Amino acid sequence: MRAFAKLMMGEHHALRVQGQQLAKKLNVTPQLPANDPLKPAAEAEMTALKAAPKGAQFDRTYIDQEVGIHQAVLDLAE
């Protein structure tokens, strides 16, 4: 699971860099929506992860939370 988490960190970092490069190329300044639903979702994920016991339960909580966060991103993009 740690390898997966490291992969996710690397992928997310690369995506942020690509987004920054695109914004620079288009000469735009990205801004979060006024009612950004991702911030409370990320805070809820951190709370859930901090409360989860180590081991398999932590892994399950991590995966469940990540699925929820990614679904929120897709919903926002639509």
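Is Asn 27 buried or exposed? In this predicted model, Asn 27 is exposed, because its relative accessible area of 70% lies above the 50% that marks the exposed class. The residue is placed in the loop between H1 and H2, and its backbone is marked by a phi near 60°, a positive value in a residue other than glycine. Pro 37 also has its place in the loop between H1 and H2; with a relative accessible area of 38%, Pro 37 is partly exposed. Between Pro 37 and Asp 59 the separation is 22 residues in sequence and, from C-alpha to C-alpha, 24 Å in space.

A search for aromatic contacts across the whole structure returned one pair. The partners are Phe 4 and Tyr 62, whose ring centres are 6.3 Å apart and whose planes make an angle of 80°; the arrangement is therefore edge-to-face, since the angle is over 60 degrees. The pair links distant parts of the chain, with Phe 4 in helix H1 (residues 2–26) and Tyr 62 in helix H3 (residues 56–77), at a distance of 58 residues along the sequence. As regards solvent accessibility, Tyr 62 counts as buried because its relative accessibility of 12% is under 20%, whereas Phe 4, at 34% relative accessibility, counts as partly exposed.

Phe 4 takes part in a further feature of the surface, in that Met 1, Phe 4 and Leu 7 together make a nonpolar surface patch of about 260 Å². The 34% relative accessibility of Phe 4 is over the 30% that a patch residue needs, so this partly exposed side chain can be included on that criterion. Phe 4, a residue of helix H1, thus belongs both to the aromatic pair with Tyr 62 and to the nonpolar patch with Met 1 and Leu 7.

With regard to charged contacts, the count comes to one salt bridge. This salt bridge is formed by Asp 64 with Arg 60, and the closest N and O atoms are 2.9 Å apart, a distance that satisfies the criterion because it is within 4 Å. Both residues lie in helix H3, where a spacing of four residues corresponds to about one turn of the helix. Asp 64 counts as partly exposed at 41% relative accessibility, and Arg 60 likewise counts as partly exposed, at 46% relative accessibility.

The largest pocket holds about 940 Å³ of space. Its lining consists of 27 residues, of which His 12, Arg 16, Glu 66, Ile 69 and His 70 are the closest to the centre of the pocket. At least two lining residues are supplied by each of H1, helix H2 (38–51) and H3, and the largest share of the lining, 10 residues, comes from H1. Helix H1 therefore contributes to the lining of the largest pocket and also carries Phe 4, while helix H3, which likewise supplies part of the lining, holds the salt bridge partners Asp 64 and Arg 60 together with the aromatic partner Tyr 62.

Notes
Residues are numbered from 1 along each chain as its sequence is written. Side-chain values use heavy atoms; hydrogens and water are left out. Rings of Phe, Tyr and Trp (its six-membered ring) pair if their centres lie within 6.5 Å; planes under 30 degrees apart count as stacked, over 60 as edge-to-face and the rest as tilted. Buried means under 20% relative accessible area, exposed over 50%, partly exposed in between (1.4 Å probe, protein chains only). Patches are made of residues with over 30% relative accessible area and no salt bridge: like charges are joined within 9 Å, nonpolar side chains (Val, Leu, Ile, Met, Phe, Trp, Tyr) within 5 Å. Accessible areas come from the Shrake-Rupley method with a 1.4 Å probe; for residues, only the protein chains shown count as cover. A salt bridge is a side-chain nitrogen of Lys or Arg within 4 Å of a carboxyl oxygen of Asp or Glu. On a 1 Å grid over the protein atoms alone, a cavity is a set of points where a 1.4 Å probe fits but cannot get out, and a pocket is an open set with protein on both sides within 12 Å along at least five of seven lines; lining residues have an atom within 4 Å of a point. Grid points are joined across faces, edges and corners, and a volume is the space filled by probe spheres set on the points.
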